[in-house]
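Please read the following report with the sequence and the model side by side. It deals with helix packing, with a few individual residues in loops and a strand, and with backbone angles.

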Amino acid sequence: MLTPERHQLILSMLKEKDTVRINELVEVTGASESTIRRDLSDLEEQSFLKRVHGGASSIQNKIEEPTMLEKSVKNEREKSAIAKYAASLVNERDSIFIDAGSTTLRMVPFLPYENIVVVTNSPDIGIQLIKRNIKTFLIGGELKAATWSLVGRDAIKSIGQYRFDKCFIGTNGIDPTHGLTTPDPDEAYVKQLALQYSDRRYVLSDSHKFNRVTFAKMGDLSDVTIVTDEGLSEEDQLIYSKLTTIKVVKS
């Protein structure tokens, strides 16, 4: 395969998956690992991608935020496995916070008990919980069109009334240096407060969110347990396990 063909294939895979590993590229292209590393360096110099541990990720603006509809059709199998495991962590009579998000939404059908109390900043999650006869509190605030989440002054005031046994939070970026990030500062602050008011804190994230940084920090890696999928490389597992608790679930 010629160099331009490999470069085009690499960029096509990034467009589809957001993050690719070197071993994937070696397998798909038939090129050596050293050749792929040179390809990634060349493409990074041209600002087509960003090198990360063991691979590359697509370049995104730090304030760019995918819509709920865009997120809902990506990595569905992985998100369902993460959500199923997260739901299994809920005990009877728990009070929990479920953050707005495409992975957290998938928790609702898997929740093992109905005698729990849930607070959420997602009207969509709230509706699904009510259908299961689960006692639900929806915080107030401005409803964001892109992510279907409630944010702003009223959301901050409302969430301050509650305390949680556990919270389940979504994220847009996980990075060894910059921690947990999301594009919108208003949404980041609601997430910060949910983490602050919870005894046990879980971040649900497919492996493509690792080695990414977005605009607003919402928390530190050391404060949470991250539930992710098998796509996280052994190298990254080693790096992140020194900074936080990682639970990898099979999809």
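The report below works on a predicted model, and it moves from helix packing to single residues and their contacts.

**Packing around helix α1**

Two packed helices are described by the angle between their axes and the distance between the axes. Helix α1 covers residues 3–17 and helix α2 covers residues 22–29, and their axes come within 11 Å while crossing at roughly 130 degrees. Angles of 65 to 115 degrees count as roughly perpendicular and those over 145 as roughly antiparallel, and α1 is therefore oblique to α2. The crossing of these two helices, α1 and α2, is right-handed. On the α1 side the residues that take part are R6, L9, I10, M13 and K17, and they meet E24, L25, V28 and T29 of α2. Sorted by class, this contact of α1 with α2 holds five nonpolar, one polar and three charged residues.

Helix α1 also packs against helix α3 (residues 33–45), where the axes come within 10 Å and cross at roughly 75 degrees. That angle makes α1 roughly perpendicular to α3. Here T3, R6, H7, I10 and L11 in α1 meet T35, D39, L40, D42 and L43 in α3. The residues of this contact of α1 with α3 divide into four nonpolar, three polar and three charged. R6 and I10 appear in the α1 contribution to both contacts, being listed for the one with α2 and for the one with α3.

**Buried loop residues and their polar contacts**

Which side chains does N211 join through polar contacts? N211 lies in the loop between β12 and β13, and it is buried, with a relative accessible area of 5%. Its side chain makes a polar contact with the side chain of D236 at 3.0 Å, and another polar contact, of 2.9 Å, joins the side chains of N211 and Y240. Leaving aside residues up to four places away in sequence, N211 touches R21, K50, V52, H53, I174, D175, P176, D236 and Y240, a list that includes both of these polar partners.

T214 has its place in the loop between β12 (198–204) and β13 (216–219), and at 8% relative accessibility T214 counts as buried. The side chain of T214 reaches the backbone nitrogen of T182 at 2.9 Å. The C-alpha atoms of T214 and T104, which stand 110 residues apart along the chain, are separated by 19 Å.

D99 sits in the loop between β4 (95–98) and α6 (102–105), and since its relative accessibility is 0%, D99 counts as buried. A polar contact of 2.5 Å joins the side chains of D99 and K191. Apart from residues up to four places away in sequence, D99 touches T104, N121, I125, F168, I169, G170 and K191.

The polar contacts described above are gathered here.

| Side chain | Partner | Distance |
|---|---|---|
| N211 | D236, side chain | 3.0 Å |
| N211 | Y240, side chain | 2.9 Å |
| T214 | T182, backbone nitrogen | 2.9 Å |
| D99 | K191, side chain | 2.5 Å |

**K50 in strand β2**

K50, one of the residues that N211 touches, lies in strand β2 (residues 50–52). With a relative accessible area of 35%, K50 is partly exposed. Not counting residues up to four places away in sequence, K50 touches E44, A56, S57, I59 and N211. From C-alpha to C-alpha, K50 and P109 are 37 Å apart in space, and they are 59 residues apart in sequence.

**Positive phi angles outside glycine**

Where in the chain does N133 lie, and is N133 buried or exposed? N133 is found in the loop between α7 (123–131) and β6 (135–138), and at 61% relative accessibility N133 counts as exposed. Although N133 is not a glycine, its phi is positive, at about 60 degrees.

W148 is another residue other than glycine with a positive phi, in this case near 55 degrees. W148 lies in the loop between β7 (142–143) and β8 (150–151). At 33% relative accessibility, W148 counts as partly exposed.

Technical notes: Residues are numbered from 1 along each chain as its sequence is written. This is a predicted model: local features need pLDDT of at least 70, side-chain atom pairs count only at pLDDT 80 or more; totals for chains, interfaces and linings use all residues. Side-chain values use heavy atoms; hydrogens and water are left out. Helices (H or I, at least four residues) and strands (E, at least two) are DSSP runs, numbered from the N terminus. Buried means under 20% relative accessible area, exposed over 50%, partly exposed in between (1.4 Å probe, protein chains only). A polar contact is a pair of N or O atoms within 3.5 Å; within protein, one must be able to donate a hydrogen and the other to accept it, and residues adjacent in sequence count only if both atoms are side-chain atoms. Axes are lines fitted to C-alpha atoms, for helices over the stretch in contact, and angles run from 0 to 180 degrees between N-to-C directions. Angles under 35 degrees count as roughly parallel, over 145 as roughly antiparallel, 65 to 115 as roughly perpendicular and the rest as oblique. A crossing is left-handed if the near helix is turned anticlockwise from the far one by less than a right angle, and right-handed if clockwise. Contact means heavy atoms within 4.5 Å. Ala, Val, Leu, Ile, Met, Phe, Trp, Tyr, Cys and Pro count as nonpolar, Asp, Glu, Lys and Arg as charged, and the others, Gly among them, as polar.
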